[in-house]
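Please walk me through this model in the viewer, one selection at a time. Tell me what to pick next and what I will find there.

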Amino acid sequence: MSAEVTERRRVSAALPDFPWDTIAEVKARAAAHPGGLVDLSVGTPVDPVDPLIRAALSSVAEVPGYPTTHGTPELRAAAVAALTRRFGITAVPEAAVLPVIGTKELIAGLPRLLGLGPADLVVIPEVAYPTYEVGGLLAGTRILRADGLTRLGPETPALIYLNSPSNPTGRVLGVEHLRKVVGFARERGVIVASDECYLGLAWEEPAVSILDPRVCDGDHTGLLAVHSLSKTSNLASYRAGFVAGDPELVAELLEVRKHSGMMVPFPIQAAMAAALGDDAHESVQRQRYRARREILRSALLDAGFRIDHSEAGLYLWSTRGEACRTTLEWLAERGILAAPGEFYGPAGARHVRIALTATDERIETAAQRLRG
C-alpha cells in the first residue's frame, strides 16, 4: 500500500461520523406524524432570494472567462462598505477581503491553508459547530475545546477559533472577552479566526466583530473575520461568503487558493456584491426570523423547556433537563425534528438545537404541537 493511500485512510478514519446521518431513524418517526414533519434541525434558508440579487446573478451569466480568486473590485468594495455600514468595522482595505466558496469550506480548510500540522494546537469552542474540529483533523493538528484562556495552560496555540454569535448556543461574546482574546493572541503571535456568520442576527445582546475598533483598536494583525451571506440574504445555495482582516494573512490565503483553483464563480460574485450593497432585503429577512423566534420561544417555554443563551443567531438552545436523544424522541412524537446537542461536543449532551429556519406555517404548526 502506498504512503499516499495510507495517509488518505488515516485522515478519513480520524473524521467523526457525519452527524446528520445519525438521526435518520428519528427523522423518519417525526415524518410519520399525521400533520407531516416540521424540520427544525438544519439551519437552511426557506425564504426566497431577493429579486435584486437574482437579477445581478443573471446579468453576467453569459460571461465565459475564469473569475478571479481575489474577487472583483466591485465585490470587495461592497464587502468593505457593508462591514462599516452594518457593523461599525473600519480600517479594512479592499485588498484584505477574499471571497470564499461558502464559509464552511474556509473553516474546514483554514488550518491546512495556513500550513498547520501535527506540531500545532488548534483551539475551538467547548460547544461548537463541528467543522472547526474537522478542520483541525484534516490538517492533522491537535485540538483543544476551551472557552477560557485559563484552560490553555503554558502552551501557545497556533490558531484559535471564535464563534460569536454562537452556533449552536446563540451565545454572544462581549467586547471585554474579545479584547482579552486579542491581547493574548497578540502577545504570543496566535492567529484568531472569528466565525461571524450570525453577526447580523442579534436579538437580546449586541454582537460585535473581532475587527471592531473597540475590540482590536483598529489593528487587524493576526485577525480573520469570516462572514456568510447564507443567513440574512438566503444565499446558502449560492455558497457565498468572504473572509476579511489581516492583510498579510489574507494575502497568504489568496496565494494558496490561486494555486488550488479555489474561485467563487463570477455570477455568484455579482450576486454577492448586490446583496452586500442592499440592506433592505436583509432587514426584511431579519424581521421574519425575529417573528418566528418569538413564536417558537414562547411555545417551548410553555412546554416546559429551558432556553439557555440564544441571545442571537438562528437557534434556540433548549433543554428539558434530560439526555438530548430523549428530548429528540419526545419532539419526534409530535412530528418535530431538532438537532441533538451532542453534535456540538460533550458539553451539549443535555440540549437540543431548534432552528428558526422553517416557513411561517411550519413554525406555527410546531408551536401548536408543543402546546399539545
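**Stop one: two helices side by side**

Select helix H11 (residues 280-302) and helix H13 (residues 360-370): their axes come within 8 Å and cross at roughly 10°. Angles under 35 degrees count as roughly parallel, so H11 is roughly parallel to H13. Bear in mind that this is a predicted model.

Now show the side chains. From H11, pick Arg292, Ile295, Leu296, Ala299 and Leu300. They meet Asp360, Ile363, Glu364, Ala366, Ala367 and Leu370 in H13. By class, this contact holds 8 nonpolar and 3 charged residues, with no polar ones.

**Stop two: a crossing pair**

Go to helix H5 (residues 103-113) and helix H9 (residues 247-260). Their axes lie 11 Å apart, and the helices pack at an angle of about 95°. H5 and H9 are therefore roughly perpendicular to each other.

Which residues of H5 and H9 meet? On the H5 side, select Glu105, Leu106, Leu110 and Leu113. On the H9 side, select Glu252, Leu253, Val256 and Arg257. The contact divides into 5 nonpolar and 3 charged residues, with no polar ones.

**Stop three: the sheet**

Switch to a cartoon view and colour the strands. Seek out an open sheet of 7 strands, in the order S2-S8-S7-S6-S5-S3-S4. The pairing is mixed. Strand S2 (97-100) and strand S4 (142-145) are the edges, each pairing on one side only. From one strand to the next, the twist averages 20°.

Next, bring in helix H4 (residues 73-87). H4 packs on the sheet and touches S2, S7 and strand S8 (241-245). The direction of H4 makes about 105° with that of S2.

Then zoom in on strand S6 (residues 191-195) and strand S7 (residues 223-228). They pair in the parallel sense over 4 bridges. One bridge to select: Asp195 has Val226, in S7, as its partner.

**Stop four: the second largest pocket**

Turn on the surface for the last selection. The second largest pocket has a volume of about 320 Å³. Its lining counts 23 residues, and Pro125, Ala146, Asp147, Arg171 and Leu173 lie nearest the centre. Strand S5 (159-163) and helix H7 (175-188) are the elements that give two or more residues to this lining.

Which element gives the largest share of the lining of the second largest pocket? Select S5, which supplies 4 residues. By class, the lining has 13 nonpolar, 8 polar and 2 charged residues.

How values were computed:
Residues numbered from 1 in each chain as written. Predicted model: local features only at pLDDT ≥ 70, side-chain atom pairs only at ≥ 80, totals over all residues. Heavy atoms only, no water. Axes fitted to C-alpha atoms, helices over the stretch in contact; angles between N-to-C directions. Parallel < 35°, antiparallel > 145°, perpendicular 65-115°, else oblique. Contact = heavy atoms within 4.5 Å. Nonpolar A, V, L, I, M, F, W, Y, C, P; charged D, E, K, R; others polar. 1 Å grid on protein atoms, 1.4 Å probe; cavity = no way out; pocket = protein on both sides within 12 Å on 5 of 7 lines; lining within 4 Å. Points joined across faces, edges and corners; volume = space filled by probe spheres on them. Pairing = 2+ DSSP bridges.
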